[in-house]
Amino acid sequence: MHYIVTGCDGKLGGRTAELMLQKVAPTDLTFTCPFLDRLDPEKKARWESLGVKVCQANYDNPDEMVQAFAGGDRIFIVSAVTIGEIRVRQHKNVVDAAIAAGVKHITYTSFLGASDPAYAHVYVTPDHTATEAYIRQRHEETGVAYNFMQDNLYLENYLTTSVMLALMSGNKWYTTAGEGKATFIPKDDVARVAAALLLGRGEDNRTYKICGSESIAQRDIVALISELSGQEIEYCPVSHEEFFAYLDSMHIPRTATGDYSRSPVPWCGNDMVTNEGSIAEGLMDVASDDVELLTGQKPMTARELAKNYSYIWENHVTNWKDIR
């Protein structure tokens, strides 16, 4: 059996790649990324020295992907970055390329609520809804099996970029989440699920809800960061319009195709406002034991994970590119 991990240059794909190295022979692995020259050269050299096939597979280049995926049996597809029609097209490209290369199972990183119309107004959801529908269509046409990982919001974001923005804003944490709670999920746990599904531990053609083990409000996360950092951070719930104005002031573009040259984060305002708003609506407070079902381990809590990111306040990090 040969396994493919896409997006190996990113935080989720990179974590999944390292986990797979612990579970199967390196010669049974292919790691891909959209731009090979942007992959850490030391990491690339280490992987290749072990026997991993490391190659470029840009979601905009179907022929390149077919070549990269050749010989693979199961693939983990990390969703693309640019929200909107571009991303849906890229996802269709990678799905078609995987099938053309002979892959027999697809694990796709989706988003919580992608199969529920109640989430359709959340900015990132329609792309995943369309991609899931396309994978189901291709399954009907070809018999290629799949699993969807419907991930909740990543817990790390609230321990890194949210903290960073608050410290850059006079120790004020702005959000449209109100008093809503969410079962935020750590990326380490998402990667463990990805590896489990890639290895075939899931039920074919099933969707898994990848949610954390605790229901927690952002007000509670603010209190935790204040305690750990020794810096009093004020929780400031605001309206959608006020949050947009705040994000504008931080040079965060409103759309995914906007100007990010001065933005401290890689996300757009529409994404951040609607994600936070969905928390206030209760849409992200979903209980699921799928992580434990697939991995045998409960997801980490905010307190367990927060200690890994103390360097954010200790080093006064002001840009997402400095987050590790």
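**Entry 1: Arg192 and Asp189.** I looked up the spacing of Arg192 and Asp189 in this predicted model. Because the two residues lie 3 positions apart in helix H8, about one helical turn separates them. I found their side chains joined in a salt bridge, with an N to O distance of 2.4 Å. I then checked accessibility: Arg192 and Asp189 are both buried.

**Entry 2: Asp188 and Arg15.** I turned next to Asp188, whose side chain forms a salt bridge with that of Arg15 at 2.6 Å, N to O. I noted that this contact links distant parts of the chain, as Asp188 belongs to helix H8 (residues 187–198) and Arg15 to helix H1 (residues 11–23), 173 residues apart. For Asp188 I read a relative accessibility of 30%, so the residue counts as partly exposed. Arg15 has a relative accessible area of 21% and is therefore partly exposed; the cut-off for buried is under 20%.

**Entry 3: Asp248 and Arg254.** I recorded a salt bridge between Asp248 and Arg254, with 2.7 Å between the closest N and O atoms. Asp248 is partly exposed, because its relative accessibility is 34%. Arg254 has a relative accessible area of 40%, so I entered this residue as partly exposed.

**Entry 4: A network.** I also looked for salt bridges with shared partners, and found that they join Asp96, Arg138 and Glu141 into one network.

**Entry 5: Total.** I closed with the count for the model, which comes to 15 salt bridges. As a general remark, I note that side chains of opposite charge can pair when their charged atoms come close.

Terms used. Residues numbered from 1 in each chain as written. Predicted model: local features only at pLDDT ≥ 70, side-chain atom pairs only at ≥ 80, totals over all residues. Heavy atoms only, no water. Salt bridge = Lys/Arg side-chain N within 4 Å of Asp/Glu carboxyl O. Helix = DSSP H or I, 4+ residues; strand = E, 2+ residues; numbered from the N terminus. Buried < 20%, exposed > 50% of the residue type's maximum accessible area, 1.4 Å probe, protein only.
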